[in-house]
Each structure stands twice: as structure tokens, then as C-alpha cells.
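Fancy working through a structure by hand? Here are some exercises, each with a solution that goes step by step.

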Amino acid sequence: MASQADLFAPVMTPPKAPEGRAGPRLWIRRLAIFENCQTLIRDVPLKPGLNIVWTPDMTSSGRRALAHGSGKTTFCRLVRACLGEPSYATDAHRLRLMTRLPDGLFAAEILIDGVCWVAIRPLGLPGGEFVVQADTIEDAIARGRSDGDQGAIDPVIIGTFFPTLTGATPPEIGREQVWDVLRAWLTRDQECRLADILAWRSSQTQTRSRAQVLGETAKLTMVRLALRALDAEERAAAARERKLVATVEDERRRHAYQQQRYADGLKAVRLALGSSDEVGFEDTIDQKGLVSLAEAALAEAMRTAVPKSPDVGAIFTRQKALNAERETLTMKQQQLDNDARFKRGEAERYRSEANLGEIDITQGRIRVCPVCRVSIDEIKANGCGISLEPCDMAALKSAIADKQKKAADLDAEAGGAEQESKLVGAQIQQLEPKRLALEAEVKTADDATRAAHAVTKEIQDRIYRARRMLDDVRSLRESAKNERPAPSGTAALDAVRAQLDAGRTRARVAIRTLEERYQGVMAAWLPEGITSAIKLDGHGLKVDAEFAGRGEVSTAALDSLKIVAFDLAALHMAIEEQADLPAFLIHDSPREADLDGQLYAGLFNLVHQWEETGTPCFQYIVTTTTAPPPELQDERYVRLQMSSTPAEMRLFAMDI
């Protein structure tokens, strides 16, 4: 596990910044919270070096105030938001803040290579944030937001610290996301509980950070890039490996798909041919093969006779002639019926006209004038008072007789037509049995034709299936001949993986530097008899700690301590500018419940020692509920002390 250098006890030496460096390249000078642009709620001055945000627990405070709920994590998130993180709180927390502080805002003075940048963020609706160069937060607020102002500090930090990283990041991380990802590492979510060196952002915090959705490989790549433990040759090999792996995986999937299709096809033809799994494609001494069976099935299908359909043409011809004859008789009958009705009507009309001169009454028949309808007897006795001409009775009598004769003749003719119509109707009835017989014959012929067509189609389908089966059997036989083994890898992939191993070997120089810092931190914290190491291989980056004679030990407290030590080792390298990182780090309540108090106090003493060598060239912000060592409890180090009660002692000085 340990290298040869581990024969000597590791020593934690304070980091040494490059000559001429007078302070951190990036640090937060001040964080302020405002109820509105004029009303300041909280003003937290910060400094290079160690900055403690302390909410004393009951043991330290001697009061019954809880050490939780004062705003430590929110403080860290406000700092992160001023450093560019999209969201400073969960949706529910932001809604409460918007309700209590609708015009509220928070801001930070961020020093980058000696230039002060002020980041302003609203506590209410998003959209009013801006970043501007200014001497103080108040100057930036008084100036206000202008159209050309940046919305976040990210471009400034990326251009200052990561110009060489922007072209080397994984494909899923764009240039504008480099600081977003590395900021997540340097300002871990408390909800991640320091569980893993790559556990940076929890979905519970709703940060909308790119790091929240990145895979382990991408995050490890960013860590290695930042630690200068990933060179261009290894990056190129990694890119080639991704392409080759994708190609090999595609080939394997295609091969598996083809194998499955082959197995399904072989099973289908064996089932269709009624053969067992032992039957192969070619004939053997004992049995015919699948090809011969398929050829025999096709020959058998082609020998099936196709049934002949009945000749329905002659039936339709006879049916057509019968229908024409019936239609002729029907039309003749209709004509006779119409003629009889007409003549009956005419006869009725003539009779009506003949009867106009007579009126039948119960006393007998009385002759009346056909003009004036006056009784003839009255006319003879008194004279006609209407007509100037005398009535010609003889002519009237003759006309009446003539009309009566015409009516009788028409009745006779109508009767003859009706009689003839009945004869034609009888002829039509005589044709009905023939019509019904022909319809039955047509239906029988139609059914026979359909049956013949169905049989013909079944025969054709059988031939088609047999031909397809033969084609499938021959195709399967060719597939079996040309089958290639499943790809287990390629020479190119093996070669590129060898290049990756070589790249990791080269990276051991940088990893060894990190490991030395890590071992020094662990030695300063833990008792004698513990060895520690950092290992980089194809499975990732791992931090270890072992008790002598017991092997690796893993507890929640020790695991979190290892992560803190890893982060401090990276901070050590950043201070010495051996890493492409700003020397800036936030740890939000890093103590696990069963971590020994003396070991935890060692964290504060260790970072404090880094300050004593001169002007600190780093900034480390740590929140805690456990009391720092007594010598670090004054305002030089405790930059903010809070309590859950009363409300004025909370971060926002009120109930939220």
C-alpha cells in the first residue's frame, strides 16, 4: 500500500506560496444581507486564512438553544451563490425568504488578483443579479445594474484560473461550466455528508449545478485536470477509448441481435418442418437435413391441384334472359292496367254527363233542364225564365243516349284490358319458380367459386410459405457458415488502454505530491500507527487509511476525516500553485458525531498553523457547532457567531 517513502513518518509542513504572493488570488472579503437597498440585516467580514462560522452547541454555550437552524448552511449557500451558483436555497426556503424579504438582497465582495468584484443577488425573484467591479457592496448597490453587467462571476474566474482547462474537459462539460463543476468540489453540500471524494452536490439542495448530474468519470476527470494529473496524451487516449468502447459495444449488440435472430429463425423452421433440435442443415446417413425437408415441403405444396371454379357465365345468361322476359311482361301488365283505369275513368265521366239531366228522387224520375237545372214540367207550365232559346229536347235526349253508349263501350274495353292483364300476371307468376331456381343456382355457384378461391389462396400461401421456408433455411445455413465469434475486444482497444495505464503512471507524479500532502494532514490528525495513501487506477481515485496490523478501517467519522484531509491536501497544492485551483475551500460542519473532539480540534489547529508562516494565501471557511480550540474563539477567527434562539441571533435576524 505505502510506497518506499512511507518508511519515514510523514510530516505536515505548511504550504509555501510562490515568491511575491501577498495574499490569496481569490477570497471573499465580506458578505452582507440587506432587507432592502438601504437597510442592512447582517454584515459578515471575512479574511484570508481561517474563517469560522460558529453556532455553539449546548455544551459550549451553556444555554438550551439548539445548535441547528441558525443559518450555517444557508450562509455557505449564499457565499456559493455570490461565487456563481444558480440557486442559493431550495424552492421552499426561497419562497419563505421572498415572503419575508420581498425587496431583500445579499452581496459579496470578491477579491480576484487584488481586484474587487461585487456580486449582487436578490432574495426575491431571479433576474436582478449582477457582478461589477466596485470598491464596496454599497458602491455597487448605489450604482445599480447596467445593461452590460455580467450576471455571474464565472467568466472572470474561468478566465483567471482555468484557461488551460477549458479545452481539455470531458464532452459533457462546456467551457462555461468549468467553474460550476470545480466550485461544487470546493464548496461541498452538507447533505453529501463527506461520503466520497466525488460526492459534491445532493439533489435535495436543488442547486441546479452541472455537478449534480455528472457521472463519476467526468467528475474524476475534472479533479485530475485541476490537480495537473491528466496530460494531453492520456486525454487523447481516453477519447479514443470512449470511441472504441462505443464501437465494440455496438458490434456486440449487433452480434447478440444476430445470434438471437439466428436462434429464433432456426427454431421457427424446425417447428414448421416438424424436426427435432438434432436435425442439421445437411442430410446425414440417418436422416434428412433441414434443406432437404424444406425442398420436399415446397415440392409437396406445388403438387396440390387447384380446384376449378363453376361456369357461372351460362347461369347469368339464362338469368338475364328470364329477367328481360319478366320485365317485358311486367311492363305490358302495367300498360294494360293503366289503359283499363283510364277507360274506366272516361266511362265514368260520360255517365256523369249523361246523368246531368236527371235527378233520382224517391217519388220517381223527374226530367230537368240540363242548362238551368229546372224541372221540365215547371218550364212547360210557366215558361223558361233564363234561356232566350227554346230547349231542343230531342237533341238533349240524343246526346244523353250517345254518352251512355260511349260509357258502356269504354267499360267493355276496360274489362277486356283487365282480363288481359290478369292473363299477363299469370304468365309472370309462371316465371317466378324459374327465377327463384336461377337465383339459388347463382348462389350455389357463387359459394362454390368462393370456396375454390379460398382453396386456391391457401395452396398459393402454402407454396409461398414453403418457398420462404426454403429461402430461410438456406440463409440460416449461410449464416452458420459465416458466423464470427462475439467480439471480446480489439487490439486497438487493448493498445489504447495500455496508453491509459501509462498516462496514469505519469500522473502518479502529481498524485504523489497530493498523497504526500494527504499523508501529512492525516499524520497531524491521527495517532501513530496509521498509514494513509491515495491510489489512482482504472477504477478511480481512492483515499485510504490503515491501522497497523488491522488493514483498512472504515467508519463514518474516519471516512469524513479522509475526505476533509483530501480537500485540505488539494488546498495545500493550490496555495503552492501546483494545481489549477483557487486556494479557496468551504467545509460545512465537517464533524461526524463520533469523531473524537481532539481530532476535530486538530483541523482548526492545522489550518491555523498554515497562517502563522506569514500572510495567508488561502481562504478556508468552516462552519461548526463544536467549539473551536479556545485560542481560536476570538473575533479574529470566529467571523460569525449565531444561535437558533433568539431570532435576532439567526443569520437573517428574524424567523423565516
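**Exercise 1.** Find out which residues the ring pairs link into a cluster together with W179.

*Solution.* Ring pairs join W179 with F161 and F162 into a cluster. Keep in mind that this is a predicted model. Now take one pair from that cluster: F161 and F162 have their ring centres 6.3 Å apart, with 50 degrees between the planes. Planes under 30 degrees apart would count as stacked and over 60 as edge-to-face, so an angle of 50 degrees makes this pair tilted. Finally, look at burial: both F161 and F162 are buried.

**Exercise 2.** Classify the aromatic pair of Y88 and F106, and work out which parts of the chain it ties together.

*Solution.* Start with the whole structure, where a search turns up seven aromatic pairs. For Y88 and F106, the ring centres are 5.3 Å apart and the planes meet at 65 degrees, so this pair is edge-to-face. Next, place the two residues. Y88 is in the loop between α2 (72-82) and α3 (91-100), while F106 belongs to strand β4 (residues 105-112), so the pair ties together parts 18 residues apart in sequence.

Then check how much of each residue is accessible. The cut-off for buried is under 20% relative accessible area. Y88 has 4%, so Y88 is buried. F106 is at 0% and counts as buried too.

One more step: what lies over the face of Y88? That's R94, at 5.8 Å from the ring centre.

**Exercise 3.** Decide whether helix α2 is largely enclosed or not, and see what follows the helix.

*Solution.* Count the buried residues: ten of the eleven in α2 are buried, so the helix is largely enclosed by the rest of the structure. Now see which ones they are. The list includes F75, L78 and V79, and also K72, R77 and R80. After α2 comes G84, with a positive phi near 115 degrees.

**Exercise 4.** Describe how helices α6 and α7 cross, and say what kinds of residue make the contact.

*Solution.* Begin with the axes. Those of α6 (residues 178-186) and α7 (residues 216-226) come within 11 Å and cross at roughly 90 degrees. Angles of 65 to 115 degrees count as roughly perpendicular, so that is how α6 sits relative to α7.

Now name the residues involved. V178, V181, L182 and W185 make the contact on the α6 side, with M222, V223 and A226 on the α7 side. Sort them by class and you get seven nonpolar residues, no polar ones and no charged ones.

**Exercise 5.** Track down two residues that have a positive phi without being glycine, and say how accessible each one is.

*Solution.* One of them is R208, with a phi of about 60 degrees. R208 is in the loop between α6 and α7. Its relative accessibility is 56%, so R208 counts as exposed.

The other is R228, whose phi is near 55 degrees. You'll find R228 in the loop between α7 and α8 (232-273). With a relative accessible area of 43%, R228 is partly exposed.

While you're looking at charged side chains, try this as well: over which ring does the charged end of K219 sit? The ring belongs to W200, and the charged end of K219 is 5.6 Å from its centre.

**Exercise 6.** Work out where S421 lies and which residues it touches.

*Solution.* First, the location: S421 is in helix α12 (residues 393-482). Second, the accessibility: at 5% relative accessible area, S421 is buried. Third, the contacts: leaving aside residues up to four places away in sequence, S421 touches Q333, L336 and D337. Last, a distance: K332 is 89 residues away from S421 along the chain, yet their C-alpha atoms are separated by 7.9 Å.

**Exercise 7.** Find the peptide bond leading into P646 and say whether it is cis or trans.

*Solution.* The bond from T645 to P646 has omega near -5 degrees and is cis. P646 itself lies in the segment after β14 (638-641).

**Exercise 8.** Step back and sum up the protein chain.

*Solution.* Count the secondary structure and you get 15 helices and 14 strands. Of the 656 residues, 44% are buried. As for contacts with a separation of 6 or more, 68% are between residues 24 or more positions apart.

Conventions. Residues numbered from 1 in each chain as written. Predicted model: local features only at pLDDT ≥ 70, side-chain atom pairs only at ≥ 80, totals over all residues. Heavy atoms only, no water. Axes fitted to C-alpha atoms, helices over the stretch in contact; angles between N-to-C directions. Helix = DSSP H or I, 4+ residues; strand = E, 2+ residues; numbered from the N terminus. Parallel < 35°, antiparallel > 145°, perpendicular 65-115°, else oblique. Contact = heavy atoms within 4.5 Å. Nonpolar A, V, L, I, M, F, W, Y, C, P; charged D, E, K, R; others polar. Phe/Tyr/Trp six-rings, centres within 6.5 Å; stacked < 30°, edge-to-face > 60°. Buried < 20%, exposed > 50% of the residue type's maximum accessible area, 1.4 Å probe, protein only. Lys NZ or Arg CZ within 6 Å of the ring centre and 35° of its normal.
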